[in-house]
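Trainee: I am new to this structure and should like to work through it with you. May we take it topic by topic?

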Amino acid sequence: MTKQVPATHPRLKSLLIRERLVNGFTRGLVAREGLIAHGRGEAFDYLLGEKTSAFALDAIQAAAATLLLARQPIISVNGNVAAVSARDVIKLSKYAKAPLEVNLFYRDKQRELAIERKLLEYGAAKVYGVGSHASARLPELDSERRKVDPRGILVADVVVIPLEDGDRAEALVKMGKKIIAIDLNPLSRTASVADITIVDNITRAIPSLINAIKGISNLAGDEKQKIVGKFDNKRVLAKSLEIIRGAIT
Ligand code: ATP
Ligand code: MG
């Protein structure tokens, strides 16, 4: 912890996450726009009481089952994700047997390399989507945002997209991929097009997702299928909005 953030501050966790983002920005991982996107997330987190709701836990269970049932899952990593949750996504990658792919809204070679470097430094086995490896293209998107790795997102059946833009989430859905989003805004396009939306802060959601995977990894395939079958994403989004409404009235 730095000297600037007093340990007794009621928003300590939130301030420490900001600090990680600013460090990520200084190290060239986070785009300026990423700092602003984080602010939008924070506002929703504030309204959600900065805790994981029971509905987010339902989505986390369904996400865990979906990842364990996947043929070829993948986890998309952008600058914000690498700045605040590098260790967590690497751990998730191991438990879910899903590789990590750098996937940037504002593609920039230096930033891709900085993100790759941090992930490798923190123990990732390999990182897809960097430089010329992002040689495949998603349909219906403009040039830089289309690029994906032909070994990764392009051929995956399940894609975990934390903090993703709505256009790209939609493009992935149109390609027939199963999408697990982590997004604090239950009204975002990403949240509404995803098959499973975890409306929670990535810093809480990924550790819970890892625990959920550990908890159900020994279940039979049809038991995992049942968890997925009974999950209702529209309900989860509606319930998240109810929590927000309750915080305001
Ligand atoms: P969309 O394009 O899906 O309609 P948007 O334009 O509002 O959404 P983007 O800037 O494209 O949002 O993506 C950032 C999303 O990530 C926002 O919805 C924001 O709420 C969410 N977000 C930001 N920080 C976090 C975080 N720490 N944990 C979870 N979600 C976050
Ligand atoms: Mg957007």
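Trainee: Which residues does L67 touch, not counting residues up to four places away in sequence?

Mentor: The model is a predicted one. L67 belongs to the largest nonpolar core, which has 52 residues, and is among the four that touch the most other members, together with V77, L92 and L119. Leaving out residues up to four places away in sequence, the residues touched by L67 are P73, L92, A96, V158, V160, I180, L209 and I213.

Trainee: Which helix gives the most to the largest nonpolar core?

Mentor: The core in question is the one of 52 residues that includes L67 and L92. Nine of its residues come from a single helix spanning residues 79-96, and the greatest contributor is thus named as helix 4.

Trainee: At the start of helix 7, which residue has a backbone nitrogen that a side-chain oxygen of D165 reaches?

Mentor: Helix 7 covers residues 166-174, and its buried residues are G166, R168, A169, A171 and L172. At the start of this helix, the side-chain oxygen of D165 comes to within 3.1 Å of the backbone nitrogen of D167.

Trainee: Is V22 buried, partly exposed or exposed?

Mentor: V22 lies in helix 1 and, with F25, L35 and I36, makes a nonpolar surface patch of about 350 Å². Buried requires under 20% relative accessible area and exposed requires over 50%. Because its relative accessibility is 44%, V22 is classed as partly exposed.

Terms used
Residues numbered from 1 in each chain as written. Chains lettered and ligands numbered in written order. Predicted model: local features only at pLDDT ≥ 70, side-chain atom pairs only at ≥ 80, totals over all residues. Heavy atoms only, no water. Core = buried A, V, L, I, M, F, W, Y, C linked by side-chain atoms within 4.5 Å. Buried < 20%, exposed > 50% of the residue type's maximum accessible area, 1.4 Å probe, protein only. Helix = DSSP H or I, 4+ residues; strand = E, 2+ residues; numbered from the N terminus. Contact = heavy atoms within 4.5 Å. Polar contact = N/O pair within 3.5 Å; in protein donor to acceptor, adjacent residues only side chain to side chain. Patch = residues over 30% accessible without salt bridge, like charges linked within 9 Å, V, L, I, M, F, W, Y side chains within 5 Å. Areas by Shrake-Rupley, 256 points an atom, 1.4 Å probe, with all protein chains shown as cover. Salt bridge = Lys/Arg side-chain N within 4 Å of Asp/Glu carboxyl O.
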